[in-house]
Amino acid sequence: MIRMTEPSKITSQSVPDHQPAAGGIAARARASVGPQYLSGLNPEQREAVETLDGPVLVLAGAGTGKTRVLTTRIAHILSQGRARPSEILSVTFTNKAAREMKHRLGQMLGHAVEGMPWLGTFHSIGGRILRTHAELAQLKSNFTVLDVDDQVRLLKQLLQADNIDDKRWPARMLAGLIDGWKNRGLTPSQVPSGEAAVFANGKGGKLYASYQERLKILNAADFGDLLLEDIRIFREHPDILRQYQQRFKFILVDEYQDTNVAQYLWLRLLSQAPTSFASPRVRGEVGSPGSAIARPSDPGEGDSQQAELVEAAPHPDLLSVSEARRDPASGEKEQTRHVKNICCVGDDDQSIYGWRGAEVDNILRFDHDFPGAKVIRLERNYRSTGHILAAASHLIAHNEGRLGKTLRTEDQDGEKVTVTGSWDSEEEARGIGEEIEQIQRQGDKLNEIAILVRASYQMREFEDRFVTLGLPYRVIGGPRFYERAEIRDALAYLRVINSPADDLAFERIVNTPKRGLGDATVQMLHDHARKRRIPLFEAARAVVETDELKPKARGSLRDVVAQFDRWRAQREVTSHTELAEIVLDESGYTEMWQKDRSADAAGRLENLKELVRSMEEFENLQGFLEHISLVMDRDSGADEDAVSLMTLHSAKGLEFDNVFLPGWEEGLFPSQRTLDEQGRAGLEEERRLGHVGLTRARRRAKIYFATNRRIHGTWSTTIPSRFLDELPAANVEITESKGGSAWGGTGGYGASRFDDMEAFGSTYSTPGWQRAQANRNRGGGGGGNGGRGSFEEQASSFSSQSSSPDFGSFSSRRRGPLTIEGELVAKSTGTTSEFSLSDRVFHQKFGYGRVTKIDGNKLTIAFDKAGEKKVVDSFVQRA
DNA sequence: GCATGTGACATTTTT
DNA sequence: TGTCACATGC
């Protein structure tokens, strides 16, 4: 799997990163919790583990064993007797990371993990703290955590109530703004008025305030509140803060580069050593809405933001904070004398969530925020071969705002990173498909192959291709489990049972499945509820006693109310899992999906079962609902051998032997939109994304760019990404597109295109091309003016030759047999298909259809919804 | 209240 | 191009 030059260290070093060492570390650690667990560490890792006192920043480059350091550090703290498990606060961003840490700790320590109650995500721990002190945030401890969808629906109602045109001012936008404010630690009164004014002609701030009010009435909190309300409580109740400060002897933070301001503040408050007296400083001195402060990296925007902030929001917290940030002498030293043992692990070069509020600044300024901090760099990479690492390092070196690390490996050079140009995105997909088959023939597992795209719309082409090839693939990412409609519906039923005041949940399911209770009815209920200041459910109960509704709706609504009353009664005598089954059944919800003929109905029913199954892990309905929105993960389902298809973002933290990186073109990657919106900072983040992509690869990294890409239906000509020029020539090899050669042969297209392929290879790094880029960057993407450089002129002349290079026009020019499809048929065609013409079939992705043509094991199927597709017969089943 | 048509719109997404 | 949200018509 991993080849390195020092065999003796290989196992000890790299195995825990990939699989449990058979009876190794875990067993030894259990036998005697001695220093054995330290033995496999390199000197830097060891230092990161053993430096227990004071603030520590571990800059852990990609593949340098960051999780290992974190878990070993915890083991070390415990084995040294410096703290009990319940005295260690250990936060991650994702449930996956938290689980991974628990798992590894379990291996090292046996059962001690059970006693690590404070290892979890920021939000789950924040939520836990908030539930403990809910009343201080005007909530009950059983408050509901709203997801984005609920959030938006709630905001929509507020907009309507305020007569704001939600076409012009979409609720989603407001949700984004509020989220952003919360990410920055700003309560409604703290939002700079300039910013609050950008929405709906100055109503933004007021809407934020009324949104918060509504949340309290609904006994609900959104994700942002889980941290922001903690911060507020900590600030307003120093005694409570002190309690936590005393409890947590050690704090560990994973992926520190991804923390936002709120998370920073939260950590910062908790990381101060408890003072014996209520500190008069706690309020003013701690914390900083850092993003409101100028980033050193983008002067223009930052300055104005800061000016605006200071001028517009003379909130004591903000002012003292910005001063503290700017002037290290102002009280900060004093304060940090009391900073306790906090260890943050992260990699500024992998900060790719700036657009979501992550502050690279947090990591860049760590030693400023925590003076006296020890900074330890992990630079030895145990993952990638030399060429890959060199390419990634060289690329990221073009960024200016970074702390700087030099990754090194003792691995061999391996294969060079390849860069391949294709005529268009279809050819790119064909070429990659072919290379994957080749890799597969060499005996590599499909599980060790990943395609990492910048934007999810790129996936489609690959999916189509893989479906025709019969190549198993899985898409990673997409909607999370609890975000799926069927799960949210089911949860809504349970929420209404658990908390009759949950109007959002009630509204969601009152007419799902359809019961003839449409907008008019719901509107009526709303009026009633508002007039009498009661929840919707109670309004419904009252309204069915009147004759305000038509008989049909009235009966229907009466049934709903009666059902919920019954279910609530049953709750006392039935287990929560059973209750869930009863509810889904009696409500007609399950039946609704059983009747549904669309392709994903079966999957939805499966998800519902999975939901009920997952409830067993919780003691009761209440406990389940409290955690569901925070800990429910999408199912990974990595058991079968398949190629992974995902965005660069979701690839962070993963690794594969073979990594394909398509779509390295200006506009797509780096994304034009990011460039437009974030300027240079955006470009650097895109570059980090490229760095993340490359460093996912262990043995092979392959980059692609196409000259023509279809974006939203129309073909447009693109130019290769500037990042290609930033790769080091010595570690990169320019290759030809395999997909292109499939047409090989004679005649106009194939030949000229092939020539052009070579032109790509040699042209994209010429001075002319460089100049073209420089012009483009300066000139801001106008139409085809002169002086653009040879490459694009060449490219656009191609596009005029073929205004629409779609599959049809190509295949009609095709001469010889097409090897890709030929091979496919030949491979498994010995068996004739078990299907016959006009058979009714079902396909996972396309749904139901009828077979219209049979060619060996290859079927042409006219799908009811998806139209005509060619599909390998093993992918469909009889309907 | 529901099915069908029409227009706007299109990154990345831990919790 | 394809999806999704809304509006119109039955």
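This presentation covers the contacts of the protein with DNA strand B and the packing of two of its helices in a predicted model.

I shall begin with the DNA. In the model, DNA strand B is surrounded by 33 residues, and the closest are Arg356, Ser456, Arg480, Gly518 and Thr674. Of the strand atoms that come within 4 Å of the protein, 51% belong to sugar and phosphate.

Three polar side chains deserve individual mention. In Asn95, a side-chain N or O atom lies 3.1 Å from a phosphate oxygen of DNA strand B. The other two are placed against the bases. A side-chain N or O atom of His123 is 3.4 Å from a base oxygen of the strand, and for Thr674 the distance from a polar side-chain atom to a base oxygen is 3.2 Å.

Which elements give two or more residues to the surface near DNA strand B? They are α25, spanning 519-532, α32, spanning 648-651, and α33, spanning 672-695. The largest share, four residues, comes from α33. As for the character of this surface, 14 of its residues are polar, eleven are charged and eight are nonpolar.

I turn now to the helix pair. Helix α10, residues 204-217, packs with helix α11, residues 223-236, at an angle of about 95°, and their axes are 13 Å apart. The two helices are therefore roughly perpendicular. On the α10 side, the contact is made by Tyr208, Gln212, Leu215 and Lys216, while α11 contributes Asp225, Leu228 and Glu229. By class, the residues of this contact comprise three nonpolar, three charged and one polar.

Key. Residues numbered from 1 in each chain as written. Chains lettered and ligands numbered in written order. Predicted model: local features only at pLDDT ≥ 70, side-chain atom pairs only at ≥ 80, totals over all residues. Heavy atoms only, no water. Near = heavy atom within 4 Å. Polar contact = N/O pair within 3.5 Å; in protein donor to acceptor, adjacent residues only side chain to side chain. Nonpolar A, V, L, I, M, F, W, Y, C, P; charged D, E, K, R; others polar. Axes fitted to C-alpha atoms, helices over the stretch in contact; angles between N-to-C directions. Parallel < 35°, antiparallel > 145°, perpendicular 65-115°, else oblique. Contact = heavy atoms within 4.5 Å.
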